[in-house]
Amino acid sequence: MKGAAWRVGLFTLVGLALLALAVVLAGGHFFVARESALMRFGTSVYGLQVGAAVVFRGVRVGQITAVDLAPPGPAGVAIPVTAEFERAALRNLLGPGAAEAAGSGAKLVPALVARGLVARLATQSLLTGQLYVDLDIEAARAQAAQAARAASASASAPGPAMASATAGS
């Protein structure tokens, strides 16, 4: 009986050691806060695979989790690509004020898009044709988006004559 209990204990310790080794080798990616985002590409995504890198100016900030098909819309066919980003990397891109937003569980990707974040497909290997998603911030795009939002907000807001007419009824 004593020998059997010893073998069970040894088996349990070896199993726990293997589990700890697996967690260490996986890099602890299970415990990293992530945020998903959907991108749409109007060009061919041939060569983009699930697990491909998403990089910002050469620094890996996430990976592709899905490449799907969608029905054509008004602008034509756009291929939806889903990516998972590491929230710590996104928080670093937003700057010091993003810590409060990240703590509250707010989405960080829309804030970066408002600042001009764009995604492009880039070739990872000419030999294999593999692609990755390259991110960058274009300030001109952010300024154009802000101007468009301001124009649409002022166009949809009622003018003084309309406001007084609705208030008087």
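**Salt bridges and a nonpolar core**

Okay, let's start with a pair of charged residues: Arg-120 and Glu-138 form a salt bridge, and their closest N and O atoms sit 2.1 Å apart. Arg-120 belongs to strand β5, residues 117–123, while Glu-138 is in the loop between β6 and α5, so this pair ties together parts that are 18 residues apart in sequence. Before I go on, keep in mind that this is a predicted model.

So, are these two partners buried or exposed? Neither word quite fits. Arg-120 has 41% relative accessibility, so we call it partly exposed. Glu-138 comes out at 24%, so it is partly exposed as well. The cut-offs behind that are under 20% for buried and over 50% for exposed.

How many salt bridges does the structure hold? There are 4, and I'll show you two more of them.

Have a look at Glu-84. This residue makes a salt bridge with Arg-34, with 3.9 Å between the closest N and O atoms. Glu-84 is in strand β4 and Arg-34 is in strand β1, so here the parts being tied together are 50 residues apart in sequence. Glu-84 has a relative accessibility of 25%, which makes it partly exposed, and Arg-34, at 27%, is partly exposed too.

Now go to Glu-35, which forms a salt bridge with Arg-87; the closest N and O atoms are 2.7 Å apart. This one also links distant parts of the chain, with Glu-35 in strand β1 and Arg-87 in helix α2, 52 residues apart. And where do these two sit? Both Glu-35 and Arg-87 are buried.

Right, that's enough charge. Let's turn to the nonpolar side. As a bit of background, nonpolar side chains in soluble globular proteins tend to be buried together. In our model, the largest nonpolar core has 24 residues. Among the ones with the most contacts inside this core are Leu-48, Val-54, Phe-85 and Leu-135. Elements giving two or more residues to the core include strands β1, β2 and β3, plus helices α2 and α4. Which element gives the most? That's β4, with 4 residues.

If you want one residue to click on, try Ile-64, another of those with the most contacts inside the core. Leaving out residues up to four places away in sequence, Ile-64 touches a whole list of others, including Met-39, Leu-48, Val-54, Val-81 and Val-133. There are polar names on that list too, Gln-49 and Thr-82 among them.

Conventions:
Residues are numbered from 1 along each chain as its sequence is written. This is a predicted model: local features need pLDDT of at least 70, side-chain atom pairs count only at pLDDT 80 or more; totals for chains, interfaces and linings use all residues. Side-chain values use heavy atoms; hydrogens and water are left out. A nonpolar core is a set of buried Ala, Val, Leu, Ile, Met, Phe, Trp, Tyr and Cys residues joined through side-chain atoms within 4.5 Å. Buried means under 20% relative accessible area, exposed over 50%, partly exposed in between (1.4 Å probe, protein chains only). Contact means heavy atoms within 4.5 Å. A salt bridge is a side-chain nitrogen of Lys or Arg within 4 Å of a carboxyl oxygen of Asp or Glu.
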